[in-house]
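Thanks for coming, everyone. Let me put the structure on the screen, and then we can walk through it.

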Amino acid sequence: MKKMFFAVMACAMMMCGNLVATAQNTGNDYYDAFITVNDDFKDYLLEAAGVQITAKYDGFYTVKIQKGVQPASLTSIQGVEHVSPAIPLQTCSDSARYYSRVLNVHEGIGFDMPYSGKGVIVGLIDCGFDFNHINLCDADGNTRVKAVYMPFDTNGVPPVIRNRRLPGSCYETPEEIANLTTDDPSTPHGTQTAGIAAGAYRENGWYGMAPDADIVACGIPEAELNDVLVANCISYINDYATRVGKPCVINISLGANVGAHDGTSFLNRVCEQMSGPGRVFVVSAGNDGDNNVCLHTSIKSKNDTVTTLLSGYGGGPSRSGFINVWANENKPFNTRLIVVDARTGERLYTSPALGATSAMLETEISSANDTVLAKYYNGKVTIKGLIEYNNRPTAVCEMRMNAKSGNYVLGFQYYSPFATDLTVWTSQLAYFRNYGFDWAETGTSAGSINDLATTDSVISVGSYNSRQTAPLRDGSIYNRPRSTPVEISYFSAFGPDENGISRPDVCAPGSMVLASANRFDTNAPNLPLWQPSAFVNGVEYPYCPDLGTSMSAPVVAGAIALWMEANPELSAADVRHILHKTSYKDNNITGDNAARWGSGKLDASAGMRYILHIEPNGCDVNRDGEVNITDVNIVITIILGGDVYDEYRNNADTNNDGEVNIYDINNILGVILHS
C-alpha cells in the first residue's frame, strides 16, 4: 500500500507542473496570465517575484509569469487579488461556447449522442437580419432560415393567424427566402443574435450554440420597434412552430424600462399566453446595470414634492429617451418638467402640470412655442398621463432635448393630494443624479431589469465577460476596457422587480462576443471593430464583436434548443428549474454581487446531464463530462493551497471523507486508467 501511495504521489507531483501548463505557453521560460489588482498594488513587487507585466488595464494586468511560479504564491503579494492563467482563445464566439460548456454537448462527450439543436426551431425577433449569411446556412450553402416575417414588408403575402391577417409579409419557401436581403440596412444586430444562437459556419470557428436548429426570423426595422409588433412576431413564430409540429425557443434581445416591472405589461401577458411545453421565451436583462436608472420614492403628503434631475452619458448636453413613473397604488399624481441651474440649484423653468386619467392626458412642451424654455433648451418633451391596465396611475415622458449651456439640468417633479409611493425609471440615455442637492432624489441601478424580464413566463439572461480582446481587420488587436474575463459585465441589468423577485434567471457570455454581421448594413464601412470576413464562393460575409445582454440571451436560447432536442416538451418552468440545479457559481459570484447573477453561469453540459438523468461522475471535478488529467491537477492545486473555483473545491472530495487529499487523486487516476 505504501509503495502504491508514493508512486501515485510521485506521478501526481510530476503532473503538478501541468496545472499552469494548461495556460498558454509563450516561450520556454514564461506562461501568460491575467492578474487582478487593487489600489494597494505596486508594480515592482510583481517583478521581484519573477513576473513581467505586459499590459495594464482597468483593475488588472496581463503578465508573463516565470515557469515554476505557482499562481497561488502571487496572491500573497500586496494588492494582488486573483491570478488567472491564460486560456487558449480564438477570434470567434468559441469563448462563449467554452464558458457555457456547450462543446461537450456538441461532441456528445458523456452523452448517448451529439446534440446540435436538430428538430428544434430557434425563433428570433430582432432587426438587421442578413437572411442568407453563410453562418445561417447548412453545409451545402442553403439557408437554414425556414421562415421570415417582416411587419413592414409589402412584397410578399401577409400571414393569417386564427383568421386574422398580420401586417407585412411572410416568406416560407427556400426560393422566396433565397431572394431576401435584409429587413434593416442600418444594423447588424439580428444577424449577430441569430449567429450566436444558431450559427453553423465552422471554417473560422465563429459558429453558434445550436448549429443544426431551424431558424425563424422576424425582422422589424430598429426605428420602428415597439411591443405591439413584437407581440405579432411572437404569434407568427408560435403559429409556424405549431404548423410544422416542432418545439421552439424564441429569443427576444429587445426591451425597455417603460413598464410597471411587475409582470403585468402586455408583452409579459403575451408571453404568458404563448408559453408552455415546447415553447420557451428567452429575453435579455437589459444594459443599464451600471447606471442609476431606477428610483423608489414617496410623496408623503399633499405638501410634498418629489424632484428628480437627469444626467447623461459623458455629461453632454443631450437628454433623450423616456422617463416612466408609476404610483404603487391607485392614487393619482401630477407631473411637471423643470430646468435647474446645476451650480446654484435655482429653478429656471417650470412647466404646467399634467395628471392622469383612464382616457390618457397628453401635453407637448416645446422650445418652439415656449419662450421661457427656449432660453435654456432646444427640443420637446411629450408627457402622457394615464391610469393603466393594472389600475395604477403612470406618466410616460419622452424627451428630445439639448441644453444651451452645460449648467442647465433637466428634471421632473411629482406631487399629489394623496400620500403614495412612486417608482421611476429612465432609459439608458439618461439617469438620475442629485448634483449635490439634498432636495433632489438619487437613483440606483438595482431594479434596472428590462420590463419584459419581469415575468416567470420568460427566461431572463444577464451578461458576464468571456473575452477582453478581438482582432481587427487591419491585423491589430482591440482591447475592450472594463471587460475582465469571467466577471459580471458592468452593463448587465438586474432586479429585483416590483414584486420583489430577484432577476435575471441566469448569466451567460455577453461581452465581446464575436458573431456574423449584416452584409447589407450601410454603416459597415465605418465600423472599425469589424473582424476579418469569411469568403465563400467569391462572396464576403462579415463578422463583428459586440457586447450587451442582447448577446448573452441567444447563448442561452441556443443552449435551450440543445436541451429541447433531448426533451421537446420543456417549458419555461422546466428550464428555470434546470438552471437552478445546474448553473455554476465561481469565485466571482460573491456578496452583494451575487444578486446580479441569478442562478449563476450557464452550464449547458450539466443541464443536458440533468435532462437525461445522467449522474455526474464523482471524479469529474470540473464537471466537463470527462475524467482526465485536468481533474487531477485541480485536486493537486487544492492540496497545495492554490486558488480554484469554489465549485471545483466542492467537487474535489471524491470519496466524501471530508478532506481533499491523495486518496482523491488515487480515485481519479483509477477512473482514468480503467476507462
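**Loops, sheets and helix contacts**

Let's start in a loop. H261 sits in the loop between β11 (248–252) and α10. Its backbone deserves a look. Phi of H261 is near 60°, so to speak on the positive side, and H261 is a residue other than glycine. Keep in mind that this is a predicted model.

Stay with backbone geometry. There is a cis peptide bond from G495 to P496, with omega near 10°. P496 belongs to the loop between β26 (477–479) and β27 (506–511). Now P504. It lies in the loop between β26 and β27. The bond leading into it, from R503 to P504, is cis too, with omega near 5°.Next, the sheets. What is the strand order in the open sheet of six strands? Reading across, we get β13-β22-β15-β20-β19-β18, and the pairing is antiparallel. The edges are β13 (294–299) and β18 (361–366). Each has a single partner strand, so one side of each has no neighbour in the sheet. How far are neighbouring strands of this sheet turned against each other on average? The value is 15°, direction ignored.

Zoom in on one pair there. Strand β15 covers residues 318–327, and strand β22 covers residues 420–426. They pair in the antiparallel sense, over five bridges. Take V325 as an example: its bridge partner in β22 is V424.

On to another sheet. This one is open, has five strands and is paired antiparallel. The order is β17-β16-β21-β14-β23. Here β17 (347–350) and β23 (431–432) are at the edges. Each of these strands has a single partner, so one side of each is left without a neighbour in the sheet.

Inside that order, look at β16 and β21. Strand β16 spans residues 334–341 and strand β21 spans residues 408–415. They run antiparallel, joined by eight bridges. To place that pairing on the screen, find D341, which stands opposite Y408 in β21.

Now helices. We return to α10, the helix that follows the loop of H261. Its partner here is α9. The axes of α9 (residues 227–244) and α10 (residues 266–274) come within 10 Å and cross at roughly 10°. That angle makes α9 roughly parallel to α10. Which residues make the contact? From α9 we have D227, V230, A231, I234, S235 and N238. From α10 we have L267, V270, C271 and M274. By class, that contact has seven nonpolar, two polar and one charged residues.

Helix α13 is next, and we will look at two of its contacts. First up is α11. The axes of α11 (residues 549–566) and α13 (residues 604–611) come within 10 Å, with a crossing of roughly 20°. That makes these helices roughly parallel. The crossing is right-handed. On the α11 side, the residues are A559, L562, W563 and A566. They meet A604, G607, M608 and I611 in α13. The split for this contact is seven nonpolar, one polar and no charged.

Then α12 against α13. At what angle do their axes cross? The answer is roughly 115°, and the axes come within 9 Å. This crossing is right-handed. From α12, the contact uses H577, I578, K581 and T582. From α13, it uses A606, G607, Y610 and I611. The class split is four nonpolar, three polar and one charged.

Notice what the two lists share. G607 and I611 of α13 appear in the contact with α11, and G607 and I611 also appear in the contact with α12.

Last topic: salt bridges. How many does the structure hold? There are 15 salt bridges. Let me show you one of them, between D603 and R101. The closest N and O atoms are 2.9 Å apart. Why pick this pair? D603 lies in the loop between α12 (572–582) and α13, while R101 is in the loop between α5 (94–99) and α6 (103–107), so the pair ties together parts that are 502 residues apart in sequence.

That's the tour. Over to you.

Conventions. Residues numbered from 1 in each chain as written. Predicted model: local features only at pLDDT ≥ 70, side-chain atom pairs only at ≥ 80, totals over all residues. Heavy atoms only, no water. Pairing = 2+ DSSP bridges. Helix = DSSP H or I, 4+ residues; strand = E, 2+ residues; numbered from the N terminus. Axes fitted to C-alpha atoms, helices over the stretch in contact; angles between N-to-C directions. Parallel < 35°, antiparallel > 145°, perpendicular 65-115°, else oblique. Left-handed = near helix turned anticlockwise from the far one by under 90°. Contact = heavy atoms within 4.5 Å. Nonpolar A, V, L, I, M, F, W, Y, C, P; charged D, E, K, R; others polar. Salt bridge = Lys/Arg side-chain N within 4 Å of Asp/Glu carboxyl O.
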